[in-house]
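Open the model in a viewer that can select by residue number and draw side chains as sticks. The tour below goes from the whole chain to single contacts.

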Amino acid sequence: MTEPRLEVRDAPGDTRAVALFCHGGTVSSLEPPRERALSLVRMRAIEQFVAASGGHLGLTTCLLRYRVAGWNGEAADAYADVRWALDKIAGEYGDVPVVLVGHSMGGRAVLRAGGADAVRAICALAPWTPAGEPVKQLHGRAVAILHGRGDRWVPAALSADFATRAQAAGVRVARFTVAGGHSMVRRSLLWHTFVRDVVLAGAGLADLRPDIAAALERADAEALAVPL
């Protein structure tokens, strides 16, 4: 693909908010993502679950299809594609709140893009956040992270370090952990409902569930390692 594209699921009525879903990828690749890649399949399933829960409330969902499968160093292609998607969403829906959802490489991309004006909240699932990944752009946003404690592809220690640095910089962040690895297959309903609850509340379409709200209001180490 010469440019990214969006798979859009419009709300049945007026769009009151948009959720952008960004799947995982790899460190380096200029090949397009495979249509049957597990990361894409899983993110599409989560997007469909959230759309079914929020469409009647005015939530439009968009699944981002990257140009290439890799992050690719300084090119940060997934991040560039998220910024492209945010511009497209603004052009189509105007000044509506946006919630970003990303898994693995997509988690890194949405966290880096989280400072965009329209973004109200970010839900990062097993995010690949190498040392030094910036955090200050997330001021004024709600950041909710969920990571498998047994993740051997993207170690949970990476998101723990990111969340610690973000919290120290004054970002409102909560981090949860769950048994299982990187693919979000084990206890899949837990992953789905976590995303749904963050998205609907971040979009202003529902109240935030109590455990996430309580963790976001704290500014201590316990808020960054809440077991589910």
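Helices (H or I, at least four residues) and strands (E, at least two) are taken here as DSSP runs, numbered from the N terminus. In those terms, the order of elements along the sequence is β-β-α-β-α-β-α-β-β-α-β-α-α-β. That gives the chain six helices and eight strands. The model is a predicted one.

**Stop 1: the whole chain**

Show the C-alpha trace. Its atoms fill a box of roughly 40 × 40 × 30 Å along the principal axes. The radius of gyration is 16 Å, which agrees with the value near 17 Å that a compact globule of 228 residues would have. Colour by accessibility next: buried residues account for 56% of the 228 residues.

**Stop 2: W71 and W128**

How many aromatic pairs are there? The count is two. For one of them, select W71 and W128: the ring centres are 6.1 Å apart and the planes stand at 80°, so the pair is edge-to-face, the class for planes over 60 degrees apart. The two residues are 57 apart in the chain, and the pair links distant parts of it. W71 lies in the loop between β3 (59–65) and α2 (77–93), while W128 lies in the loop between β5 (119–125) and β6 (142–148).

Are these two residues buried or exposed? W71 has a relative accessibility of 2% and counts as buried. W128 is buried as well, at 17%, because the cut-off for buried is under 20%.

Keep W128 on display and add R108. The charged end of R108 sits over the W128 ring, 4.5 Å from the ring centre. A second contact of this kind can be shown by selecting R112 and Y79, where the charged end of R112 sits over the ring of Y79 at 5.7 Å from its centre.

**Stop 3: F176 and F194**

Now select F176 and F194. They form an aromatic pair that is edge-to-face, with 5.4 Å from centre to centre and 65° between the planes. F176 belongs to strand β7 (residues 172–178) and F194 to helix α5 (residues 188–202). The pair links distant parts of the chain, 18 residues apart. F176 is buried at 0% relative accessibility, and F194 is buried with a relative accessible area of 0%.

**Stop 4: salt bridges**

Side chains of opposite charge can pair when their charged atoms come close. In this model the count of salt bridges is 16. Three of them are picked out here.

- Select R172 and E217. Their side chains meet in a salt bridge of 3.0 Å, N to O. R172 is in strand β7 and E217 in helix α6 (residues 210–217), so the contact ties together parts that are 45 residues apart in sequence. R172 is partly exposed at 36%, whereas E217 is exposed at 58%.
- Select R196 and D197. This salt bridge has an N to O distance of 2.9 Å. R196 counts as partly exposed, with 24% relative accessibility, and D197 is buried, with 15%.
- Select R44 and E35. The closest N and O atoms of this salt bridge are 3.6 Å apart. R44 is buried at 18%, while E35 is partly exposed at 44%.

Which residues join R44 and E35 in a network? Add E7 and R65 to the selection: salt bridges that share partners join E7, E35, R44 and R65 into one network.

**Stop 5: a nonpolar patch on the surface**

Switch to a surface view and select L38, V41 and V185. Together they make a nonpolar surface patch of about 250 Å². V41 is part of helix α1 (residues 38–54). At 40% relative accessibility, V41 counts as partly exposed.

**Stop 6: V27 and G73**

Finish with V27, which is found in the loop between β2 (17–22) and α1. V27 is exposed, with 52% relative accessibility, because the cut-off for exposed is over 50%. Measure from its C-alpha atom to that of G73: the separation is 7.7 Å, although the two residues are 46 residues apart along the chain.

Terms used: Residues numbered from 1 in each chain as written. Predicted model: local features only at pLDDT ≥ 70, side-chain atom pairs only at ≥ 80, totals over all residues. Heavy atoms only, no water. Phe/Tyr/Trp six-rings, centres within 6.5 Å; stacked < 30°, edge-to-face > 60°. Buried < 20%, exposed > 50% of the residue type's maximum accessible area, 1.4 Å probe, protein only. Lys NZ or Arg CZ within 6 Å of the ring centre and 35° of its normal. Salt bridge = Lys/Arg side-chain N within 4 Å of Asp/Glu carboxyl O. Patch = residues over 30% accessible without salt bridge, like charges linked within 9 Å, V, L, I, M, F, W, Y side chains within 5 Å. Areas by Shrake-Rupley, 256 points an atom, 1.4 Å probe, with all protein chains shown as cover. Rg over C-alpha atoms; globule rule 2.2 N^0.38 Å.
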